[in-house]
Amino acid sequence: MFITFEGIEGAGKTTALNYLAGFLQRRGYDCLCTREPGGCTLGRNLRPILLDARTRTLAGRAELFLFLADRAQHVAEVIRPALEAGQIVLCDRYTDSTLAYQGYGRGLDTDYLRRLNEAASGGLQPQLTLLFDLPVRCGLMRAGERNRTEGLTFSEGRFDSESLDFHERVRLGYRALAEEEPERFAIVDAAQPPEDVVLQCRSALEAHWRSQDLNEADMLEEQDNDDN
Ligand code: Z5A
């Protein structure tokens with residue numbers, strides 16, 4: 001199964017992804033946690049170019065094709081092999097980030113981006129996308145604090161320095177994408193405390209499994225009862 005985590009900067013995706021992976025692993029599922037950009041060697045090399053606030057000369061289309069190059073390699077080298085081996089893949093950002101940031105944020109044509117996403121990913125779509133939604137100021141404040149504490153303000157700050165309007169367009173873009181595909185997206189109220197956010201993620205996963213008539217949701221519930 002392929003699950004993606006999407007949302008604006010500082011929404012709490014990484015925190016929730018790590019929790020959900022731990023939760024599933026304790027119940028015997030084999031999980032692979034990965035991210036874009038940076039889930040494969042090529043992506044780790046591209047990440048500083050894409051995210052360093054001191055990168056000033058990246059044209060919009062150059063940025064787009066670097067994200068797509070990372071995706072093509074990441075799918076081929078990491079995601080597909082893991083899915084074929086039966087792992088649950090949890091990925092922090094994927095094709096919807098390109099639509100939200102390069103499309104709604106930077107203003108590139110979203111139909112064109114969909115075609116490029118299709119080409120880069122070889123048509124691989126997530127079964128479930130958790131969209132972490134919260135007010136932009138709240139996300140930026142969290143990310144800013146985290147970056148200051150971890151000394152990442154410059155090395156990972158290129159998108160943080162975009163205008164509030166840019167981040168608002170990205171947020172609205174994500175919500176539009178979720179409305180278009182309600183069966184794939186689950187919206188998580190990411191402004192809530194972490195313990196509440198992770199419960200929402202669990203519920204979304206269980207609801208997805210139930211909607212697919214998979215008995216995993218019942219297994220999780222039974223194991224919970226055993227734990228209590
Ligand atoms: N990008 C793109 O433009 N096009 C693409 O195709 C792709 C990406 C794939 C990657 O940034 C950037 O690339 C991204 C879009 C662009 N830029 N932006 N903006 P990244 O990978 O470095 O970072 P990110 O994906 O934006 O995530 P983030 O800043 O690391 O945030 P997060 O993972 O959503 O949040 P977090 O690290 O879990 O939490 C942030 C802080 O908040 C941290 O201190 C937590 O302890 C705290 N936190 C987490 N949850 C909570 C709750 N519930 N309450 C309070 N505090 C919390």
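In what order do the five strands of the open sheet stand? In this predicted model, the order is β2-β3-β1-β4-β5, and the pairing is parallel. The edges of the sheet are taken by β2 (31-35) and β5 (185-189). Each of these two has a single partner strand, so one side of each is left without a neighbour in the sheet. On average, and with direction ignored, neighbouring strands are turned by 20° against each other.

The pairing at one of these edges can be followed in detail. Strand β4, residues 128-133, runs parallel to β5 and is joined to it by five bridges. Within this part of the sheet, Thr129 stands opposite Phe185 in β5.

Helix α1, residues 13-26, lies across four strands of the sheet, namely β1 (2-7), β2, β3 (88-92) and β4. Relative to β3, helix α1 runs at about 170°.

Another helix, α8 (residues 194-211), contains His208. Is His208 buried or exposed? Its relative accessibility is 8%, and His208 therefore counts as buried, the cut-off being under 20%. Apart from neighbours within four places in sequence, the residues in contact with His208 are Met1, Gln127 and Leu128.

A pair of packed helices comes next. Two packed helices are described by the angle between their axes and the distance between the axes. For helix α2 (residues 41-51) and helix α3 (residues 60-84), the angle is about 160° and the axes are 9 Å apart. Because angles over 145 degrees count as roughly antiparallel, α2 and α3 are roughly antiparallel to each other. Their crossing is left-handed. On the α2 side, the contact is made by Thr41, Leu42, Gly43, Leu46, Ile49 and Leu50. From α3 come Glu63, Leu66, Phe67, Ala69, Asp70, Gln73 and Glu77. By character, the residues of this contact divide into seven nonpolar, three polar and three charged.

Two loops show backbone features that deserve attention. Where does Pro37 lie? Pro37 is placed in the loop between β2 and α2, and the peptide bond leading to it from Glu36 is cis, with omega near -10°. The other loop, between β3 and α4 (95-105), holds Arg93. Although Arg93 is not a glycine, its phi is positive, at about 80°. Arg93 has a relative accessible area of 15% and is therefore buried.

How values were computed: Residues are numbered from 1 along each chain as its sequence is written. This is a predicted model: local features need pLDDT of at least 70, side-chain atom pairs count only at pLDDT 80 or more; totals for chains, interfaces and linings use all residues. Side-chain values use heavy atoms; hydrogens and water are left out. Two strands pair if DSSP finds at least two bridges between them. Axes are lines fitted to C-alpha atoms, for helices over the stretch in contact, and angles run from 0 to 180 degrees between N-to-C directions. Contact means heavy atoms within 4.5 Å. Buried means under 20% relative accessible area, exposed over 50%, partly exposed in between (1.4 Å probe, protein chains only). Angles under 35 degrees count as roughly parallel, over 145 as roughly antiparallel, 65 to 115 as roughly perpendicular and the rest as oblique. A crossing is left-handed if the near helix is turned anticlockwise from the far one by less than a right angle, and right-handed if clockwise. Ala, Val, Leu, Ile, Met, Phe, Trp, Tyr, Cys and Pro count as nonpolar, Asp, Glu, Lys and Arg as charged, and the others, Gly among them, as polar.
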